[in-house]
Amino acid sequence: VSTQGLYALQKRPRNIINTVDISHISSKLNNIFSEIVKDKSGNLWIAAFNEGVSMIDLNKPLVQNYSFPVIREKTGFVTNIKNIYEDKEGDLWIDQNRWGIGIYNPDSNKLLFYKDIPSLKNITNLRNVSCITSAPLLNEIWLGSEYYPEIYRVKKDKKEIELLGTLKLTDYVDNSGFPRLFYADSNHNLWVGTTKGILVKPANEKILQDAKFPFVDIIGIGEGKDGSLWISTRKQGVYNAKISSDLTLEEKNLRNLKTHAEGVISDNIGAICVDDNGLVWMGSQDGDVFTYDPQTNKVENLSDMFDMLEEGIFNIITDQLGHIWISTNKRVIEYDPKNGGIMDYSTMTDVMVNSFMPNSYYKTRSGKILYGGNKGISVFTPYDHLSDNPRRIRTMVSDVKIDGVSSLLEKNNQRFNLRSQIISLNAGDKYIEIDFSSLNYAFPDKIKYAYKMDGVDDDWVYVRGDRQFAFYNQLPKGKRTFYLKTTDVNGLWSNYIAEVQVFKQPAFYETLWAYLFYIVFTLLCLYLFYHRMKRRIQLRHELRIAQIDKEKSEELVQTKLRYFTNISHDLLTPLT
């Protein structure tokens, strides 16, 4: 750092010093600097005169962009890439929305549309292309029409581009539908998913044949570890198809996974992918992400883990590191299944595209992931730091608010001890907000938190960095523990769990003396009730005895009266 600007030098063997081009960094800053500091995370903090402090992250993932300004110059349209393919010469085949197929050379920065190519300029259906791929074992590039049942076979040899022919899907299937996607399996068979079913090009052949798959709208295709195909559909769930020797997918070899039968989360599947372990990843058009294990037949819902995905899933793919890439209209997520690391690229300012297109992606031979959309193409390099071991990150409670008022601002604060991390609440405290932080001020929007209050929360509650607090209304009295954990900027959960002691004073009616009074009062009430019932029973018995005595007395009088009456009668009656 100098008063003339920012410079980077690289020391090579034999003490050779080279200058490193950092114009992409220095161009965003002014050229009057005073100091540079590196923090423990490897970030550079640069102090600039009159402009405060700027931070440069040297560990962030590498993102490149293709803006294609020539598209605006040639077409007058805003760049919006619907499909991407990279041929063996490194040229990019792109489909510009409402304009059609173009071939871009990154080295010369030149772009040719199909209208500029003599052999293709008369094919008007190339104005809307749904899918692009290379035919396995053939030196051909196939282009699928979006609104016509046709596939165009093209050969490219350096600068020469030749149309080899057109495959009409209706020549093989009456109700073929329109091409939607291409998928090459491990045996070099090319499967064509359409809006009405599936066709297949056997290896080493140039023609198609009917795969005899049910007439459903195909969204995605993946290959399992056993060689079977996993096929996602619109509103018909997922099919697992065993491939017969004649490359047909007849109904007897199909298994349909639906919500009511197999417990899958949704029947409206927008993306499907099989990872290196044979686990089937599925994304619904409602925004759910879940996996299916063919070995155990178990479904696991991962939607809570990817809570930042608030829209339909476009695509799910795997990279050379075994990471899972999930894309939607607004986001691209990289996930490591081994350690749970998540990188949300939508929070990075380096990503030029802010509205991605469905199926507008490509995984290059070098392992890079290309996603297209408005403004052009963003190129992502799999982030190897995502596979690092989780760091021990200390998380702490930074404040406790009662009814929206910070306890740290109280004159005689007795509720929260910041140093010892102990929370002491009064009996009448309601609407309690517990603020927390990992003290990462470089990338706070990349941090995720999870908390759990012992005896209150049944499981961990996961929140993003823009919501750094937990809220409780009327906590029960007593002593309990508040658990807190966080991730690093790579989405890796720290193995450190902070424990904060929380004690809430009981109300006067919850104290020991109150409970003692309740016991004495209850016993007294029971005694009075017993005494009263006993007296009532005694009176009832005495009354019964008196009644019996009265009845006996009357009976004796009647007996005596009958006796004397009989004697008198006998004396007065003459002898006969």
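1. Lys156 and Asp91 are both buried, and in this predicted model the two side chains form a salt bridge whose closest N and O atoms are 2.9 Å apart. The contact joins distant parts of the chain, with Lys156 in strand β13 (residues 150-157) and Asp91 in the loop between β7 (81-86) and β8 (92-96), 65 residues apart. The pair also belongs to a network of salt bridges that links Asp87, Glu89, Asp91 and Lys156.

2. A second buried pair deserves a look alongside this one: Arg180 and Asp217 are each buried, and their side chains meet in a salt bridge at 2.3 Å, N to O. Here Arg180 belongs to strand β15, while Asp217 sits in the loop between β18 (209-210) and β19 (218-223), and the two are 37 residues apart. Arg331 and Asp344 likewise meet in a salt bridge, at 2.5 Å from N to O; because Arg331 lies in the loop between β28 (324-327) and β29 (332-335) and Asp344 in strand β30 (residues 342-344), this pair ties together parts that are 13 residues apart in sequence. Asp344 is buried, with a relative accessible area of 12%. Over the whole structure, the search finds 15 salt bridges.

3. Aromatic contacts come to 26 pairs, one of which is the pair of Tyr361 and Tyr371, with 6.4 Å from centre to centre and 35° between the planes. That pair is classed as tilted, because only planes under 30 degrees apart count as stacked and those over 60 as edge-to-face. Tyr361 is in strand β31 (residues 356-363) and Tyr371 in strand β32 (residues 369-373), 10 residues apart. The two rings' residues fall into separate accessibility classes: Tyr361 counts as partly exposed because its relative accessibility is 28%, whereas Tyr371, at 2%, counts as buried. Both tyrosines belong to one aromatic cluster, which also includes Trp325, Tyr345, Phe356 and Phe380.

4. Two cases of a charged side chain over a ring face can be inspected directly in the model. Arg98 lies over the face of Phe77, at 4.3 Å from the ring centre, and Lys485 lies over the face of Trp460, at 4.4 Å from the ring centre.

5. On cysteines, the structure holds zero disulfides. Cys273 is in no disulfide, and the nearest cysteine sulfur, belonging to Cys131, is 18 Å away. Cys273 counts as buried at 8% relative accessibility, while Cys525 counts as partly exposed at 33%.

6. Backbone geometry may be worth checking at two residues, since most residues other than glycine have a negative phi. His188 has a positive phi, near 70°, and is placed in the loop between β15 (179-184) and β16 (190-194); its relative accessibility of 38% makes His188 partly exposed. Asp403 also has a positive phi, near 55°, and is found in the loop between β34 (396-402) and β35 (405-406), where Asp403 is partly exposed with a relative accessible area of 49%.

7. At the level of the whole chain, the domain assignment gives domain 1 (8-56), domain 2 (396-510) and domain 3 (513-569), and the centres of domain 1 and domain 3, taken over C-alpha atoms, are separated by 104 Å. An unreviewed UniProt entry places the feature "transmembrane region" at residues 512-530. Over residues 512-530 the model is 100% helix and 0% strand, with the end C-alpha atoms 27 Å apart.

Definitions and conventions: Residues numbered from 1 in each chain as written. Predicted model: local features only at pLDDT ≥ 70, side-chain atom pairs only at ≥ 80, totals over all residues. Heavy atoms only, no water. Domains from an automatic or database assignment. Phe/Tyr/Trp six-rings, centres within 6.5 Å; stacked < 30°, edge-to-face > 60°. Helix = DSSP H or I, 4+ residues; strand = E, 2+ residues; numbered from the N terminus. Buried < 20%, exposed > 50% of the residue type's maximum accessible area, 1.4 Å probe, protein only. Lys NZ or Arg CZ within 6 Å of the ring centre and 35° of its normal. Disulfide = S-S within 2.5 Å. UniProt positions renumbered as here; feature names shortened; annotations may be inferred. Salt bridge = Lys/Arg side-chain N within 4 Å of Asp/Glu carboxyl O.
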